[in-house]
Structures are given as C-alpha cells and as structure tokens.
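Work through the following exercises on aromatic rings and their surroundings, with the coordinates open beside the text.

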Amino acid sequence: MGTHLRRASSALLLALAAACGRSPAPQTVPGVLPARAEASDFSVYELDAPWRDQDGRARTLASLAGRVQVVAMVYTHCTHTCPLIVDDLKRMERALPPADRARAGFVLVSLDPSRDTPERLKEWVANARLDRARWTMLTGGEDGVRELAALLGIRYRREAGEELSHSNAYLVLDRGGRIVYRHDGWAGDLDEPLARIHDAAEASAAE
Amino acid sequence: MRVSSLFLAITLALGAAGAAAAAPVGPEMARIPGGRYLPLFARGPGSVRVAPFALDRRPVTRGEYLAFVRTRPGWRRDRVRRAFAGPGYLAGWPAADSAGAARELRLPATGVSWFAAKAYCAWRGKRLPTTDEWEFAALASESARDAARDPAFVARLLALYTSRRPRPVGSTFRNVYGVWDLHGLAWEWTLDFNSLMVSDDSRGTAARDHALYCAAGVIGATDARNYPAFLRYGFRAALEGRTTIDGLGFRCAQDL
C-alpha cells in the first residue's frame with residue numbers, strides 16, 4: 001500500500017509538473033500569440049449573440065467588422081482597474097498615427113449586463129470622455145458575455161457582493177474580427193500593439 | 001384516529017406538492033441533494049452552498065453525440081464554425097458523420113470544445129454543470145457523500161487518474177448518488193470554467209500565470225493532499241472555449 005502510494009504520488013508529481021510547466025496539449029494555443037504570428041483562424045464575429053450599444057441600438061459583433069478593433073471587457077461599477085484599462089486604451093488612441101487612428105476603433109464589452117444598461121453605458125462614455133466616433137460599448141446577455149469571454153480568453157467571476165474579479169487584457173482584432181494580438185496585464189510599452197494595429201489596417205487596405 | 005388521517009392527508013399533500021414542483025428529470029439523470037462543500041481554492045471564508053440539481057449518471061457518449069451531429073449538422077467537424085472549436089474537434093472519429101464501430105459508441109464523447117458541449121446540453125434541454133456542482137458530486141465514493149478526506153479513497157482516485165485509457169462509460173465506479181465515471185474516465189467541461197483561477201487582485205495576470213497555480217497554488221489550496229482535485233483545477237486553468245482535447249469530455253446537468 002505504501003509503495004503503491006509512493007509510486008502513484010511520483011507519477012502524479014510528474015503529471016503535475018507537466019501540467020504546471022505547460023498547458024495540456026490542446027489544439028488551440030491559449031495566451032499571447034508569438035511575435036508576427038498570423039491572425040487566428042477564426043473570427044470573433046462568428047459569435048451571433050445579440051448586444052446593445054450605448055445608444056440602445058441592437059448590435060451584433062459582426063457590425064464591428066470593417067475597422068481594426070481594440071477590445072477589452074470591463075464593467076462600469078469597477079472602480080479600480082477598469083478605469084485604468086480604459087486609460088491605457090486612450091493612451092493607445094492618442095499614440096496612433098492619424099492614418100491608423102482613422103481605421104481603428106475601441107470596443108468595451110460589459111461583464112456586468114444586469115447593471116450595465118445602455119443608459120448606464122452612455123453616461124459612462126460621456127464621463128470618460130470617449131470619442132463616440134471611435135468607441136463602442138456593448139451590453140448583452142449573461143450567456144453571450146460568457147461565450148465572448150471564453151473566446152477571448154478572459155476570465156471573470158462574480159464575487160459575493162457586487163464586485164467582479166476579472167483578468168486584465170485587451171486584444172486587437174483585424175477588420176474581419178480575427179485576433180492578431182493579445183496582451184495580458186497593463187499595456188506598458190505600446191510599440192507592439194501600435195505595430196499590430198498598423199499591420200492589420202494595412203492588410204485590410206490591401207485586400 | 002383523526003390525528004393519523006390528518007397526518008396521512010398532510011403527507012400526501014406534501015408529496016403531491018413535491019412532485020408538482022420537481023422538473024421533469026429523465027432516468028439517465030440522478031438527483032443530487034444540496035449541501036455545502038469547501039472548494040479546493042476557497043474564495044473566502046466558509047464553505048459554498050450547492051443547491052439540489054440533476055446530473056447525468058454517465059458522461060455523454062460518442063453515440064449520443066453522433067445523434068446530435070446528425071440532427072444539427074452545423075456541429076459536424078467539417079462544418080463547425082471555427083470560433084466554436086479548434087482543429088482537433090472530433091479528431092478521433094473516423095469520419096465527419098461516423099463515430100466509429102458499435103463498441104466505440106459507448107466511449108465518452110471527447111475532443112469536443114466548451115461551445116460544442118454547451119450546444120449539446122442545450123439540445124437535450126439541459127446545461128453544463130457548474131464547477132461547484134461537479135466538484136460537489138465528485139466528493140462521493142460508492143458509500144459516502146464526502147469521501148474527499150478519506151486517504152484510501154484519494155489513493156484509489158490517484159490510481160484511476162494515472163491509468164486513464166479509452167474505456168466505455170460505466171467502466172469506473174458508481175458513486176453514492178448513482179453517478180458513474182466522475183473520476184478516471186475523461187476530464188469534464190463545466191459551465192463556468194472561465195470563472196476559475198481569477199486572481200482577486202485583478203492587477204495581475206493570474207489567469208495566464210501558470211506558476212501561480214503550481215507551487216503557490218498548493219499552498220493556497222484548502223486541502224494540499226487532495227491531488228486529484230488539484231489536477232482538475234490545474235487542468236481547467238489552461239482551457240479556453242475552443243479547446244479540444246482527446247481526453248476531455250462532458251456530461252449535462254439540469255435545474256431541479
């Protein structure tokens with residue numbers, strides 16, 4: 001019994017080390033794409049759940065096609081990290097050369113659809129002084145939110161009380177909604193996302 | 001005499017009320033009574049309450065999933081939307097509309113993504129179980145509702161986990177709720193897999209930082225000896241919605 005347990009434990013520790021050291025061998029690659037990688041072979045806009053924007057208009061994700069989009073998932077009752085995420089994206093917006101800025105958009109999707117009504121989003125957009133020509137905020141249903149988060153690799157959880165814990169990330173989607181870049185954590189140096197936005201904008205123009 | 005008639009009347013009335021309130025649950029599902037349990041990574045002090053629910057007695061089989069694919073051809077591997085499943089989707093099947101020979105139809109349906117598993121359960125009028133529901137049901141041995149701290153049971157699970165190979169559903173053991181194969185057959189999807197391993201400090205990149213859930217994760221776990229549970233949580237932390245893995249399947253649940 002003792003030997004069996006020892007053998008089982010060492011097999012487990014090996015399996016554990018393997019599980020910890022790398023992902024199990026999935027056919028999709030979670031996490032940051034390698035530098036200069038191809039766009040994902042799927043489009044986020046294949047998700048067809050219904051959404052509404054800050055003006056209360058019915059939207060699908062497919063309606064975002066045509067521009068390079070920078071996407072993050074936030075919620076308006078988030079007092080600490082979400083405003084900082086938005087600041088990072090605004091910093092990116094200012095740093096874009098005008099030609100790229102004209103071809104880019106920014107999308108904030110609510111993780112908290114029960115409280116984030118379109119009216120609330122509209123108020124939030126105004127308070128955050130977001131340029132409505134370029135920024136879209138979306139609110140949908142709980143299932144649509146979970147599906148989008150699952151596709152973007154964003155984790156979130158409703159805690160006891162009114163807080164949501166969520167991973168901090170933004171993604172760049174090309175004009176067709178394919179993921180060309182993903183960043184976890186604070187934006188920091190913007191060189192890479194700016195380059196990816198530029199490349200994606202150019203790729204669209206070349207089609 | 002009158003008291004016992006009254007008692008009988010009340011019992012019958014309560015029984016009838018209970019039957020009327022219960023959702024229609026097929027014989028392929030087991031009713032799991034509610035209770036409290038302490039998740040391996042507790043999200044605060046105190047245990048979590050799990051409401052009563054129904055759970056499939058067995059993992060969804062290849063044969064069952066084949067019926068789904070034939071009825072909903074948008075879920076065939078040669079037609080599935082790429083956003084819904086990675087390239088390994090149903091890779092183990094001999095063809096897009098064949099799940100293999102008769103004996104293979106009893107294997108668990110693996111190589112399915114979360115999107116696909118969700119769609120199957122919805123097709124059956126069900127849903128995926130939450131992680132809390134799944135973990136709660138998985139505490140049970142053949143005879144006890146909570147055997148998670150029984151060293152002999154944990155040792156059996158270790159042996160099951162380290163000897164995984166393709167086997168038909170019903171190959172492992174039937175727990176006290178009448179549910180088979182929660183351990184040792186296939187890993188299983190849960191509805192809220194992307195609610196797990198979210199750091200309370202959302203300044204971090206905890207979801208992507210595997211190191212956090214290796215060494216440090218054990219220290220944060222509520223039961224450092226429960227290696228099977230730790231493996232499950234570690235496994236789930238690396239999943240995404242499109243992920244397909246040869247050893248990852250699912251079963252469905254239903255509200256009661």
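The exercises below concern ring pairs and charges over rings in a predicted model.

**Exercise 1.** Classify the geometry of the ring pair Trp114(B) and Phe193(B), and state which parts of chain B the pair ties together.

Solution. Over all chains, the count comes to 23 aromatic pairs. In the pair of Trp114(B) and Phe193(B), the distance is 5.5 Å centre to centre, with 70 degrees between the planes. Planes over 60 degrees apart count as edge-to-face, and this pair is accordingly edge-to-face. Because Trp114(B) lies in helix 3 (residues 114-123) and Phe193(B) in the loop between strand 5 (187-188) and helix 6 (215-220), the pair ties together parts of chain B that are 79 residues apart in sequence.

**Exercise 2.** Decide whether Trp114(B) and Phe193(B) are buried or exposed.

Solution. Buried means under 20% relative accessible area. Trp114(B) has a relative accessible area of 0%, so Trp114(B) is buried; Phe193(B), at 1%, counts as buried too.

**Exercise 3.** Repeat the classification for Phe153(B) and Phe173(B), and find which arginine lies over the face of Phe173(B).

Solution. The ring centres of Phe153(B) and Phe173(B) are 5.9 Å apart and their planes stand at 80 degrees, so the pair is edge-to-face. Phe153(B) belongs to helix 5 (residues 151-161) of chain B, whereas Phe173(B) sits in the loop between helix 5 and strand 5, 20 residues apart. Both Phe153(B) and Phe173(B) are buried. Finally, Arg156(B) lies over the face of Phe173(B), at 5.0 Å from the ring centre.

Definitions and conventions
Residues are numbered from 1 along each chain as its sequence is written. Chains are lettered from A and ligands numbered from 1 in the order in which they are written. This is a predicted model: local features need pLDDT of at least 70, side-chain atom pairs count only at pLDDT 80 or more; totals for chains, interfaces and linings use all residues. Side-chain values use heavy atoms; hydrogens and water are left out. Rings of Phe, Tyr and Trp (its six-membered ring) pair if their centres lie within 6.5 Å; planes under 30 degrees apart count as stacked, over 60 as edge-to-face and the rest as tilted. Helices (H or I, at least four residues) and strands (E, at least two) are DSSP runs, numbered from the N terminus. Buried means under 20% relative accessible area, exposed over 50%, partly exposed in between (1.4 Å probe, protein chains only). A charge sits over a ring if NZ of Lys or CZ of Arg is within 6 Å of the ring centre and within 35 degrees of the ring normal.
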